[in-house]
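Please open the model in your viewer and keep the selection panel at hand; the tour begins with aromatic rings and then moves on to a helix.

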Amino acid sequence: CSSLSPLLGGLGFSAYGSANAILDRYVDEKSGDPDPIWISINWEGWQELSAPDAVGHDFGKNELTDEEGCDIFDRIMDQSNATRIVVSTTSLSGRLGKWVSGKSSPPEKSSIGQTFSRPSVLGSATPASSSTEERLINLWEQLLGISPLGVSDNFFEVGGNSLILTQFIATARDEFQIDLPLAQLFDCPRIDAIAKIIDNPTETVVQKSDSREHGLI
């Protein structure tokens, strides 16, 4: 049981991706053995058992349910013609283009095309005070599939992770014609702080948060 990390990588995934690549390579070396049959499965992520409004939960984006995963595993065990199987709930070529080739694409809503209501535990959304903040809120809502969002929300506390942050940087580049500094986004992943970077690119935003504890998921 490997994962998609050797194929798609991800910020903070170097050790994890390397470990899974070793699993894939081990099966490659065993693939010539007639008995037993070796199969390496590059699994999609599985949903965690958590409440729908849990802070930081990804709301099922791309992930397999337990029933789906077990069904896929049963089907894999019923065949013997492949030694390497990749399980992806969305277009693998599209994900390779996004995360590996660096080809930007329009922001997507949740994988099932729905927008979830703002979790009550976050409190009220702080409204935008500028057009830049309004545009950023729109990008976040499309990427994260949650509405409404506010300028004081923490990206990682409303369901974001390092992979989605990479996509946000790409869409922000298209929207604002600016390369947002990754280190600053990890230090202060809030709409109001990001808007200051965009509107005043020569100034440094010094506000900090605990986002590093949330970001490398």
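In this predicted model, a search for paired aromatic rings gives a count of 7 aromatic pairs. Select W140 and F155 to begin with: their rings form an edge-to-face pair, 5.1 Å centre to centre and with 65° between the planes. This pair links distant parts of the chain, since W140 sits in helix α5 (residues 131-144) while F155 belongs to the loop between β5 (146-147) and α6 (162-176), 15 residues apart. Colouring by accessibility will show that both W140 and F155 are buried.

Keep F155 selected and add F168, with which F155 forms a tilted pair, 6.3 Å centre to centre and with 35° between the planes. Here too distant parts of the chain are linked, F155 lying in the loop between β5 and α6 and F168 in helix α6, 13 residues apart; F168 is buried, as is F155. Widen the selection to W140, F155, F156, F168 and F186, and you have one aromatic cluster on screen.

Next, move to helix α2 (residues 14-30), whose 17 residues reach 24 Å from the first C-alpha to the last, close to the 24 Å expected at 1.5 Å a residue. Which residues of α2 are buried? They are G17, N20, D24 and V27, and if you look down the axis of α2 you will find that these buried residues fall within an arc of 80°, so they line one face of the helix. To see what covers them, display β1 (2-3), α1 (5-8), β2 (40-43) and β3 (84-86), which are among the covering elements. Finally, turn α2 round to the face directed away from its buried side, where the exposed residues S14, A15, I22 and E29 are carried.

Notes:
Residues numbered from 1 in each chain as written. Predicted model: local features only at pLDDT ≥ 70, side-chain atom pairs only at ≥ 80, totals over all residues. Heavy atoms only, no water. Helix = DSSP H or I, 4+ residues; strand = E, 2+ residues; numbered from the N terminus. Expected span 1.5 Å × (residues − 1). Buried < 20%, exposed > 50% of the residue type's maximum accessible area, 1.4 Å probe, protein only. Arc of directions from axis to C-beta. Contact = heavy atoms within 4.5 Å. Phe/Tyr/Trp six-rings, centres within 6.5 Å; stacked < 30°, edge-to-face > 60°.
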